[in-house]
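Here is a short briefing on one protein model. Keep the sequence and the 3D view side by side as you read.

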Amino acid sequence: MAEPVVRIPDAKVALSTASVYPESTATAFEIAARLGYDGVEIMVWTDPVSQDIEALRRLSDYHRVPVLAVHAPCLLITQRVWSTDPWVKLQRARAAAEKLGASTVVVHPPFRWQRQYARDFVRGIWRMAGETDVRFAVENMYPWRYRDREMLAYAPDWDPTTEDYRHYTIDLSHTATARNDALAMVDRMGDRLGHVHLADGTGSGKDEHLVPGRGNQPCGEVLERLATTGFAGHVVVEVNTRRAMSSAEREADLAEALAFTRLHLASAVKAHRS
């Protein structure tokens, strides 16, 4: 007789330290511990603590919150963080991940004006991936839009599935901004999908990073699909809480995001009993 059971995948749910901005990296560890996240993803940016491996190790040990992933400094505001050479940035991100016990380095495709880096990017990522057990998971981005104009800011492409990478990160705020079909992108990534940035969006020209459930992306459906396919990577809550009126409101948003994620990862499936 078939009865529904709940299957919860091995995927861990992490909090991106970017989700507490403008509060600090240290605050992200505190909130992750208090709310019951499985770990954190370090967004390496202008906060000195995010760049300091020993400081991160002390925070992780003190709060008993592991570092599950390191997001390399790929943003415009981090062009001078950990060198101006993008390959040095990735080498340092890999070293940080290895020392902190993180399994994944998240990396964006190059900007188009980084011509030599873009030209060598696909081969270089494969080369670096072959030198470590840390996964380099290339993230989907989006075209930049101004009024009715669209600018392709990333090379080889903002959609990493047009190239051959060992691992991918899917970001559901970015699928919204790009006006992509998120479920179709999950299918294209297949078993190379190793990492998820969970956030929502409405399809505006802005990269919104809303709390999941507050936009029009199939956040729940993506999580349910991951659950039924045995996804064992990490799901990282990467939302924008800058408009929170207080620390309590920010924490409530992050608690809501965690509850949403865990609910939809608990996928009802059919099990047969003899």
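In which helix is methionine 128 found? Methionine 128 belongs to helix α4. The model is predicted, and the points below start from this helix.

**Helix α4**
- Helix α4 covers residues 115-129.
- At 1.5 Å a residue, its 15 residues should span 21 Å. The end C-alpha atoms of α4 are 21 Å apart, so the expected span and the model agree.
- The helix also has a bend of about 60°, located at phenylalanine 121.
- Several residues of α4 are buried, among them Tyr117, Ala118, Val122 and Ile125.
- These buried residues of α4 pack against three elements: α3 (86-100), β5 (104-107) and β6 (135-139).

**Methionine 128**
- Methionine 128 has a relative accessible area of 2%. The cut-off for buried is under 20%, so methionine 128 counts as buried.
- Leaving aside residues up to four places away in sequence, methionine 128 touches Trp87, Leu90, Gln91, Arg94 and Phe136.
- Take glutamine 91 as one of these contacts. Methionine 128 and glutamine 91 are 37 residues apart in sequence, yet their C-alpha atoms are 8.2 Å apart in space.

**Aromatic rings**
- The model has 12 aromatic pairs.
- Why is the pair of phenylalanine 121 and tyrosine 165 edge-to-face? Their ring planes stand at 70°, and an angle over 60 degrees counts as edge-to-face. The ring centres are 5.9 Å apart, which is within the 6.5 Å limit for a pair.
- Phenylalanine 121 lies in α4, while tyrosine 165 lies in the loop between β8 (149-151) and β9 (167-171). The pair therefore ties together parts that are 44 residues apart in sequence.
- Both phenylalanine 121 and tyrosine 165 are buried.
- Phe121 and Tyr165 belong to one aromatic cluster together with Trp87, Tyr117 and Tyr168.
- Tryptophan 87 has a charged partner too: the charged end of arginine 127 sits over its ring, 5.6 Å from the ring centre.

**Cysteines**
- A disulfide is a covalent bond between the sulfur atoms of two cysteines.
- How many disulfides does the model contain? The count is zero.
- Cysteine 74 is buried, at a relative accessible area of 14%.
- Cysteine 219 is buried as well, with 1% relative accessibility.

**Cis peptide bonds**
- The bond from tyrosine 21 to proline 22 is cis, and its omega is near 15°. Proline 22 sits in the loop between β2 (12-16) and α1 (25-35).
- The bond from alanine 155 to proline 156 is also cis, with omega near 0°. Proline 156 is in the loop between β8 and β9.

**Positive phi angles**
- Arginine 179 is not a glycine, but its phi is positive, near 60°. This residue is in the loop between α5 (172-178) and α6 (182-189).
- Histidine 209 is not a glycine either, and its phi is about 50°. Its place is the loop between β10 (193-198) and α7 (219-228).
- Is arginine 179 buried or exposed? Its relative accessible area is 52%. The cut-off for exposed is over 50%, so arginine 179 is exposed.
- Histidine 209 has a relative accessible area of 10%, so this residue is buried.

Conventions: Residues are numbered from 1 along each chain as its sequence is written. This is a predicted model: local features need pLDDT of at least 70, side-chain atom pairs count only at pLDDT 80 or more; totals for chains, interfaces and linings use all residues. Side-chain values use heavy atoms; hydrogens and water are left out. Rings of Phe, Tyr and Trp (its six-membered ring) pair if their centres lie within 6.5 Å; planes under 30 degrees apart count as stacked, over 60 as edge-to-face and the rest as tilted. Helices (H or I, at least four residues) and strands (E, at least two) are DSSP runs, numbered from the N terminus. Buried means under 20% relative accessible area, exposed over 50%, partly exposed in between (1.4 Å probe, protein chains only). A charge sits over a ring if NZ of Lys or CZ of Arg is within 6 Å of the ring centre and within 35 degrees of the ring normal. A disulfide is a pair of cysteine sulfur atoms within 2.5 Å. The expected span of a helix is 1.5 Å times one less than its number of residues. The bend at a residue is the angle between axes fitted to the seven residues ending there and the seven starting there. Contact means heavy atoms within 4.5 Å.
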